[in-house]
Amino acid sequence: MSARIGVVTFPGSLDDRDAARAISIAGGEAVSLWHGDADLKNVDAVVLPGGFSYGDYLRCGAIAKFAPVMSLIIEKAHQGLPVLGICNGFQILCESHLLPGALTRNDHQHFICRDQKLRIENTDSYWTRDYSMGQEIVIPLKNGEGGYVADEKTLDELFAEGRVIATYQDGNPNGSYRDIAGITNSRGNVVGLMPHPEHAVEALTGPSLDGLGFFTSAISSLVNA
Amino acid sequence: MIDSVSNAEQQPDTQQPFAELGLKPDEYDRIKEILGRRPTSSELAMYSVMWSEHCSYKSSKVHLRQFGEKAPKTDALLVGIGENAGVVDIGQGWAVTFKVESHNHPSYVEPYQGAATGVGGIVRDIISMGARPLAVMDPLRFGAADAPDTRRVLPGVVAGVGGYGNCLGLPNIGGELVFDDSYLGNPLVNALCVGSMRHEDIHLASAKGIGNLVVLYGARTGGDGIGGVSVLASETFDADGPAKRPSVQVGDPFMEKLLIEATLEVLHAGLVEGIQDLGGAGISCATSELASNGEGGMRVWLDRVPLRDASLSPEEILMSESQERMCAIVTPEHIDAFMEICKKWDVEAIVIGEVTNTGRLVVDWHGEQIVNVPPRTVAHEGPVYERPYHRPEWQDALQANAPTAQVIARPDSGDALKQTLLDLIGSPNLASKSWVTSQYDRYVLGNTILAQPEDTGMIRIDEESGLGVAIATDCNARFAKLDPYNGAKLALAESYRNVSVSGAIPLAVTNCLNFGSPEDPEVMWQFAEATRGLADGCLELGVPVTGGNVSFYNQTADTAIHPTPVVGVLGVIDDVERRTPMTWNTDSDGELIYVLGDTSDEFGGSEWAHIHGHLGGLPPRVDLQREKLLSEILVAASRDGMITAAHDVSDGGIAIAIAEMAMRANIGARFWVQDDIEPFVFLFAESTARAVVVIPRSEELRFTEMCAARGLPAYRVGVVDSGLGADAGHHGEQVIVMGELFTFTIDQLRQVHEATLPGIFNS
């Protein structure tokens, strides 16, 4: 069987086609989900793609959490549905309180697009099992509001519980506290990541193939489940 | 009170502010002659804006005709000049549309919004052809990098280009960033967009089918972007009515993104008979052009237009340049389906009129007729001027002042040559552009094959077959100042070459002609010469002009910008897998580095002269037959896998080309100066029709024999070598060695290259 992974399109989603392509290249079946439909089409996992959902008005991700499809995703995520939020998707997961903390404007005030080195800090989550601990990968980063912030207690807990899934290496691109690039919930099914693994799945278009592991991790977990 | 048509008939002697709206007395008289009465204030507003230089091309038209008259024979052009954008056949059933436009003046007044709406406008031109936008590029020009006004304008322009393009989800794959005192007070913000479609999806801007409906959809109409019309507004409203309107439009990229998706969905569903974007001149332009291109008549109920500001006058609504709006012609049986799709994307849509065969564009406002005109006279039969022009008296003196060794001392020692290279690579025009380009998303959509600092942007169109397109834009305006005719050809040659080094076959041309005032005969001469040069060049290279844009009045008082004919060339590549990148890679150790083409003592208008504050002499010689040959060789070498890399040689010469390659690869190489050439000339001359290529040793014979057989000079000048560090006294580092002359580490070079723009714009 092949894993069916839904990709949600909100008004203003931009990397939805890319996420779908990455799922296909990784061997999964990408299923389009529409923000306005309270229907998950029996998918086994969900990707919330990058972009500017609802124009990022109010706050990034703040309006998206009220979309009909999100109420279902939030409910199922609490029951263990694997969910990967990339960039704007990460912001939506924080706004939805599926993940702690928040993402704020880059400390240098500019949008930044660059090839970013990360170190994998967790290989237990649904989305990082195909990596090795401490593995260094390079994938694109592109955000205007990518600075991860949380209170000291939360940050301590995230590290103590091994819930930081990746950290920035060779320079923090956006002022994220403690160089955090991505985190997971305590169950390991919900992952938020600021850089873009879906843009590093083809030699022709990406800086590496290092992003594939996020998708193959979930697919092999689902197929073998 | 509303100035209706009957009002205009009954009160023929009302004084009208035509001069304040930019119309000349004879133009005003012509309007009266066309209508057989004085125009209403709404009609006056429409004519004034549609007959403006920006919309009517009245000063440039007689020169632009050459692009059609001298067009090379080609089967590639599916839609030519005159539509929103030209459409080119790239094979496999795919078509591509691309165009570049200027947003210079708004960007100077309000850098962020001016640049943002420049991107928005060109993207709507592309979607109105039926294409999905795929990428944008931005040729930008500013005054000296460290001038206070550049520091005011540039960060806002870059943030605006990025803010809009990033939110739209279009990769920014290249462009230009040029600094020159000539642009202080007149920055140039040009924006290019490229899109693709299947042949059967091409749509045109025409209102066909009597009884069909005119639908306005997208953002609400507001008071932004109204220039001269505020003159009318102040006359038709009393003192407490809307006063000063901002004349720069405000963009909303989120609305544009929804507009793109909704438009593509209604087009693909076959629900649209004709379509037009609303840009300059807003509803006036869209309705008159659609009607003029179609059945010839249209009836519009202007009071139906959804407004952001209920106090807008009809004149203002007709002229408003509010962004993110489109106009579609839809049959009555398709209207419900059309509206349903708009609703799905939360895009407001309303029927504002219908197509008629009356030959008149009639606009009503709350039951009163305020416009009744033949639409062709508004849209297509505006005034045409044969502006006087003559060669400036100073042109001869300028050309006589060549940067010879007597005028600027030339470096000859190894140390002095090395310092010259470092001075150039750190100069604002040649320094790393990443301060700018890292603010642009180049990855979104997942089809970016090449993006800056590569010579060309390359986008994959078809994921199955690998079919793709490459686009470059170029212009050395100093060359155009020295010789506008050849300067335009040189801009074309460089852009053509930049596409060719990637392995793509050049196919078509777009242009953005940025000049001073057409009322100045010397500027007009520059324009006439540049258009003639570009048309001749396109004919010689066999690449047709598909469309473009003219921007005049880029001048402050009597001082015009350098003539800046920006030329964009589009090429096609049958499989992006075989693209040639600009530099060598980790498998290249031992591969050979060749210079293709001849190098001569040519420094007029060069970067080397520029950093010495010198502009004079003649630009490098143009040889388009040689450019064509070079292009064919580069494409053949890419096809047959004979080369690893290829890089254009232009600004700063061979020294800058190889330094850029070394920094990009982060792998060292050893070079030597070509025989019988003075080192300074070899390193820094800007002779054209040259490229640096990297050849695996196994391919050397085959490649050089091909060059010899075709008559293209090829000189071996170096070898890739990652192990030079230790011998050169830089253990463990990647090093460039230039014969006996000089040595530097790539890190050293990079520090100088990357420090310049952050040093200026982060402080």
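In this predicted model, the residue L177(B) lies in strand β5 of chain B, which covers residues 172-179. L177(B) counts as buried because 21 other C-beta atoms lie within 10 Å of its own, where the threshold is 20 or more. Once neighbours within four places in sequence are set aside, the contacts of L177(B) are L140(B), K433(B) and V436(B). One of these partners is remote in sequence: K433(B) stands 256 residues from L177(B) along the chain, yet their C-alpha atoms are separated by 7.4 Å.

A second residue of chain B may be considered in a similar way. L134(B) belongs to strand β4, residues 132-142 of chain B. With 26 other C-beta atoms within 10 Å, L134(B) is buried as well. Apart from residues up to four places away in sequence, L134(B) touches V194(B), G195(B), S196(B), L445(B), N447(B) and I459(B). Separation along the chain may also go with separation in space: the C-alpha atoms of L134(B) and T14(B), 120 residues apart in the chain, are separated by 51 Å.

Chain B also offers a helix for inspection. Helix α11 of chain B spans residues 282-293 and has 12 residues. From the first C-alpha to the last, α11(B) reaches 17 Å, close to the 16 Å expected at 1.5 Å a residue. The helix is mostly covered, for 12 of its 12 residues are buried. The buried residues run from G282(B) at one end to N293(B) at the other, and include I283(B), C285(B), E289(B) and L290(B).

On the scale of the whole chain, chain B is divided into two domains. Domain 1 is made of the segments 5-9, 17-58 and 203-379, while domain 2 takes in residues 581-763. The centres of domain 1 and domain 2 of chain B, taken over C-alpha atoms, are 53 Å apart.

Chain B also meets chain A. In this interface, 23 residues of chain B are in contact with 21 residues of chain A. On the chain B side, the elements that give two or more residues are α8 (148-168), α10 (253-268) and β14 (448-450). That side of chain B has 10 nonpolar, eight polar and five charged residues.

The description now turns to chain A, which contains five helices and 11 strands. Its radius of gyration is 16 Å, close to the 17 Å that the globule rule gives for 225 residues, so chain A is as compact as a globular protein of that length. Along the principal axes, the C-alpha atoms of chain A fill a box of roughly 40 × 35 × 35 Å. Of the 225 residues in chain A, 58% are buried. Among contacts in chain A between residues at least 6 apart in sequence, 76% join residues at least 24 apart.

Within chain A, strand β10 (residues 180-184) is mostly covered, with five of its five residues buried. Strand β10(A) has strand partners in β9(A) and β11(A). Strand β9(A), residues 164-168, runs antiparallel to β10(A), and three bridges join the two; here V164(A) stands opposite I183(A). Strand β11(A), residues 190-193, also pairs with β10(A) in the antiparallel sense, over three bridges, and in this pairing G182(A) stands opposite L193(A). Strands β10(A) and β11(A) form a hairpin with five residues between them. In the turn of this hairpin, G188(A) has a positive phi of about 85°.

Technical notes: Residues are numbered from 1 along each chain as its sequence is written. Chains are lettered from A and ligands numbered from 1 in the order in which they are written. This is a predicted model: local features need pLDDT of at least 70, side-chain atom pairs count only at pLDDT 80 or more; totals for chains, interfaces and linings use all residues. Two residues are in contact if their C-beta atoms, placed from the backbone, lie within 7 Å. Helices (H or I, at least four residues) and strands (E, at least two) are DSSP runs, numbered from the N terminus. Ala, Val, Leu, Ile, Met, Phe, Trp, Tyr, Cys and Pro count as nonpolar, Asp, Glu, Lys and Arg as charged, and the others, Gly among them, as polar. Two strands pair if DSSP finds at least two bridges between them. The expected span of a helix is 1.5 Å times one less than its number of residues. Domain bounds come from an automatic or database domain assignment. The radius of gyration is taken over C-alpha atoms; the globule rule is 2.2 Å times the number of residues to the power 0.38.
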